[in-house]
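User: Could you take a close look at the charged side chains in this model, and tell me how they pair up and where they stay unpaired? I'd be glad of a connected account rather than a list.

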Amino acid sequence: LEDGEEYEEVLLDLAEECGKHGAVYEVKVPRPANPKAARHLFGTGNYGKAYVQFVDTAGAQAARDAIHGRMFAGNPVSAVYLTAQAYGVAIATMEEEKQQQQQQQQQQQ
C-alpha cells in the first residue's frame, strides 16, 4: 500500500466485495504516515488489517461468512466481528499510531 493509487483501489475493492453482501458504511485500512514504511510495518499493530463497518449486522454476517478463509494477496482472510466499542478503539489506535509516526518524522527533519 505504498502507492496512493493502489491504496485507493484496495479501499474500493473492499467496499465493492463487501457491498455484495450488505450495505457498507465505511472502509478503513490502516496506512502509515510514511507509506514507504508499509512493507516493514505489515503485521504489526493494525497494519495489514482492514476494517469494514456495515449499516446492519445482517450485512456484516453475510460478508463475514462469504470472505472468511478466502485468500487475499496471498494471505488467508480472517474476518471477525467487532463490537462498536472495539471498532472505535481500533480506529482511534490507528489514528494515534499515524500521529506518532508523523511526529517522529518531523523530529528527524
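**Charged side chains in context**

Analyst: Happy to! Of the 109 residues in the protein chain, 25% count as buried, and please keep in mind that this is a predicted model. The chain has four helices and four strands, running α-β-α-β-α-β-β-α from the N terminus on. Its C-alpha trace spans about 50 × 30 × 20 Å along the principal axes. Among contacts between residues at least 6 apart in sequence, 62% join residues at least 24 apart. The chain exposes about 7,500 Å², and carbon and sulfur atoms supply 49% of that area.

Now to the charges themselves. The chain carries 9 positive and 15 negative charges, and the mean positions of the two sets are 4 Å apart. Side chains of opposite charge can pair when their charged atoms come close. Here the structure holds four salt bridges, and Glu17 is a good place to start.

Glu17 forms a salt bridge with Lys20, with the closest N and O atoms 3.0 Å apart. Glu17 also forms a salt bridge with Arg70, where the closest N and O atoms are 3.0 Å apart as well. This second pair links distant parts of the chain: Glu17 sits in helix 1, while Arg70 lies in the loop between helix 3 (57-67) and strand 3 (71-72), 53 residues apart. As for accessibility, Glu17 counts as partly exposed because its relative accessibility is 21%. Arg70 is likewise partly exposed, at 38%, whereas Lys20 is exposed, with a relative accessible area of 57%.

Another salt bridge brings together the side chains of Lys28 and Glu26, at 3.8 Å from N to O. The cut-off for a salt bridge is 4 Å, so this pair is counted. Lys28 is partly exposed, with a relative accessible area of 23%, and Glu26 is partly exposed too, at 25%. Returning to the other group, salt bridges that share partners join Glu17, Lys20 and Arg70 into one network.

What about charges that stay unpaired? Glu97, in helix 4 (residues 84-108), is buried yet has no salt bridge. The nearest side chain of opposite charge is Lys49, and Lys49 is 8.5 Å away from Glu97. Since a salt bridge needs nitrogen and oxygen within 4 Å, it is worth asking which residues Glu97 does touch. Leaving aside residues up to four places away in sequence, Glu97 touches Gly45, Asn46 and Tyr47.

At the surface, Asp3, Glu5, Glu6, Glu9, Asp13 and Glu16 form a negative patch. Asp3 is found in the segment before helix 1 (4-19), and Asp3 is partly exposed, with a relative accessible area of 42%. Patch members need over 30% relative accessible area and no salt bridge, so the 42% of Asp3 meets the area cut-off.

One last residue may interest you, although histidine is not counted among the charges. His40 lies in helix 2 (residues 38-41), and His40 counts as exposed because its relative accessibility is 69%. His40 and Val55 are 15 residues apart in sequence, and their C-alpha atoms are 33 Å apart in space.

To put the charge picture together: Glu17, Lys20 and Arg70 share one salt-bridge network, Lys28 meets Glu26 in a salt bridge, and Glu97 is buried with no salt bridge. The negative surface patch, with Asp3 among its members, completes the account.

Technical notes: Residues numbered from 1 in each chain as written. Predicted model: local features only at pLDDT ≥ 70, side-chain atom pairs only at ≥ 80, totals over all residues. Heavy atoms only, no water. Patch = residues over 30% accessible without salt bridge, like charges linked within 9 Å, V, L, I, M, F, W, Y side chains within 5 Å. Areas by Shrake-Rupley, 256 points an atom, 1.4 Å probe, with all protein chains shown as cover. Charge placed at Lys NZ, Arg CZ, Asp CG, Glu CD. Helix = DSSP H or I, 4+ residues; strand = E, 2+ residues; numbered from the N terminus. Buried < 20%, exposed > 50% of the residue type's maximum accessible area, 1.4 Å probe, protein only. Contact = heavy atoms within 4.5 Å.
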